[in-house]
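Work through the exercises below with the sequence and the model at hand. Each task is followed by a solution in steps.

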Amino acid sequence: MIKIGIVGYGNLGRGVECAVTNSPDMELAGVFTRRKPETVKTHTNVPVYEMDKLYEMQGQIDVLVLCGGSANDLPTQTVELAQYFNVVDSFDTHAKIPEHFSNVNDSSEKGKHISIISVGWDPGLFSLNRLYGQAILPNGQDYTFWGKGVSQGHSDAIRRIAGVKDARQYTIPVEAALESVRKGENPTLSTRQKHTRECFVVAKEGADLKQIEEEIKTMPNYFADYDTTVHFISEEELMRDHQGIPHGGVVLRSGVTGFDQENKHVIEYKLTLDSNPEFTSSVLVAYARAAYRLAQDGQCGCKTVFDIPPAYLHVESGEELRKKLL
């Protein structure tokens, strides 16, 4: 059995716990948290430890799945732990992935361990599909649409506005743009033409609703470049109708072949997710299996989804995969 450790027990950590229980070749070694362990109640009653306990458990954990945030946790945490353990993380700040890779690689090579970074669905599975599309249709164009789904970062940005008690923000693809790509029309699309944003806001009593709406719609890097709709609702409505964390998206590659570029082709990969964190966790656990197998092969250093043989993700052997799936 592959022994998995979970670092951090938020939505992602709970999802990893669930995914491991559904994996016949894995078992949980423990959850590691910065909170007081006695305050953390796991679903499966797996032991909960303080973070410092980790270093005493080298040899008892095959792979650590790191479930912290990309802004403040993973840039330091992955680098630190990669020296002592095989690790997998979901670092998703796209522009900083090369820097993160370099730092984690140095640490992993120093400790002779395997690390796999930026695992999830974007970056992750969507990255793979963009790569396949470009390799197969070099004369073409990529398109990525996200949603409909809850953007946790954008929801948090709204909650930081004065007078806002709570909020949920949904990213929604523009259907006309999506259909144009599906038809192979290769449109040139601006940010505003690809997605809209819909906000459901609970305001504090006496708050200036017009001011809140104006601050949302003009917020740079979040809403200013999009057509944004703001709905003010009650706390009861928010709790009743917007408690889930759905998400999803589509990656398309539209391209042409032929000596005269006469034949159009569209590759489409779509995800529709009831629970973004549970799905992301399931991807992390599959790559934790790959990390274990790479370590068993004697490899070390940092990898991304581009470097992992697909067969290393699956619980079954290469022989069984060739028989059943090929």
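**Exercise 1. Find what share of the 326 residues in the chain is buried, and describe the chain as a whole.**

Step 1. The model is a predicted one. Buried residues make up 48% of the 326 residues in its chain.

Step 2. The secondary structure consists of eleven helices and 14 strands. The radius of gyration is 22 Å, close to the 20 Å that the globule rule gives for 326 residues, so the chain is as compact as a globular protein of that length.

Step 3. Along its principal axes, the C-alpha trace spans about 65 × 55 × 35 Å.

Step 4. Take the contacts in the chain with a separation of 6 or more: residues 24 or more positions apart account for 68% of them.

Step 5. The chain exposes about 16,600 Å², and carbon and sulfur atoms supply 48% of this area. The chain has 34 positive and 44 negative charges, whose mean positions are 1 Å apart.

**Exercise 2. Decide whether Ser 90 is buried or exposed, and list its contacts.**

Step 1. Locate the residue: Ser 90 is in the loop between strand S5 (87-88) and helix H3 (97-111).

Step 2. The relative accessible area of Ser 90 is 11%. Buried means under 20%, so Ser 90 is buried.

Step 3. Set aside the neighbours within four places in sequence. Ser 90 is then in contact with Leu 12, Leu 66, Ser 70, Leu 74, Ser 118, Val 119 and Leu 284.

**Exercise 3. Determine which parts of the chain are linked by the salt bridge between Glu 27 and Lys 3, then examine further salt bridges.**

Step 1. The whole structure has 19 salt bridges. In one of them, the side chains of Glu 27 and Lys 3 meet at 3.7 Å, N to O. This pair links distant parts of the chain, with Glu 27 in strand S2 (residues 26-33) and Lys 3 in strand S1 (residues 2-7), 24 residues apart.

Step 2. Glu 27 has 32% relative accessibility and counts as partly exposed. Lys 3 is also partly exposed, at 32%.

Step 3. Glu 268 and Arg 182 form a salt bridge through their side chains at 2.8 Å, N to O. Here too distant parts are linked: Glu 268 belongs to strand S13 (residues 263-273) and Arg 182 to helix H6 (residues 175-182), 86 residues apart. Glu 268 is partly exposed at 37% relative accessibility, and Arg 182 is partly exposed at 26%.

Step 4. The side chains of Glu 316 and Lys 324 meet in a salt bridge of 3.0 Å, N to O. Glu 316 is partly exposed at 25% relative accessibility, whereas Lys 324 is exposed at 52%.

Step 5. Salt bridges with shared partners join Asp 156, Arg 159, Asp 166 and Arg 168 into one network.

**Exercise 4. State where Tyr 9 and Gly 249 lie, and what each one touches.**

Step 1. Tyr 9 is in the loop between S1 and helix H1 (11-21). Its relative accessibility is 6%, and Tyr 9 counts as buried.

Step 2. From Tyr 9 to Thr 42 there are 33 residues in sequence and 8.4 Å in space, C-alpha to C-alpha. Beyond the neighbours within four places in sequence, the contacts of Tyr 9 include Arg 14, Glu 17, Val 31, Arg 35 and Thr 42.

Step 3. Gly 249 lies in strand S12 (residues 247-257). Gly 249 is buried, with a relative accessible area of 0%.

Step 4. Gly 249 and Phe 145 are 104 residues apart along the chain, and their C-alpha atoms are separated by 5.4 Å. Not counting residues up to four places away in sequence, Gly 249 touches residues including Trp 121, Phe 126, Phe 145, Trp 146 and Tyr 269.

**Exercise 5. Identify which residues a cis peptide bond joins with omega at about 5°, and inspect other backbone angles.**

Step 1. The cis peptide bond with omega at about 5° joins Asp 122 and Pro 123. Pro 123 is in the loop between strand S6 (114-116) and helix H4 (125-136).

Step 2. The peptide bond from Gly 147 to Lys 148 is cis, with omega near 0°. Lys 148 is placed in the loop between strand S7 (140-146) and strand S8 (149-150).

Step 3. Asn 45 is not a glycine, yet its phi is positive, about 65°. Asn 45 lies in the loop between S2 and strand S3 (48-50) and is exposed at 54% relative accessibility.

Step 4. Lys 112 has a positive phi near 60°. Lys 112 is in the loop between H3 and S6 and is exposed, with a relative accessible area of 63%.

Terms used. Residues numbered from 1 in each chain as written. Predicted model: local features only at pLDDT ≥ 70, side-chain atom pairs only at ≥ 80, totals over all residues. Heavy atoms only, no water. Helix = DSSP H or I, 4+ residues; strand = E, 2+ residues; numbered from the N terminus. Rg over C-alpha atoms; globule rule 2.2 N^0.38 Å. Buried < 20%, exposed > 50% of the residue type's maximum accessible area, 1.4 Å probe, protein only. Contact = heavy atoms within 4.5 Å. Areas by Shrake-Rupley, 256 points an atom, 1.4 Å probe, with all protein chains shown as cover. Lys, Arg positive; Asp, Glu negative; His and termini not counted. Charge placed at Lys NZ, Arg CZ, Asp CG, Glu CD. Salt bridge = Lys/Arg side-chain N within 4 Å of Asp/Glu carboxyl O.
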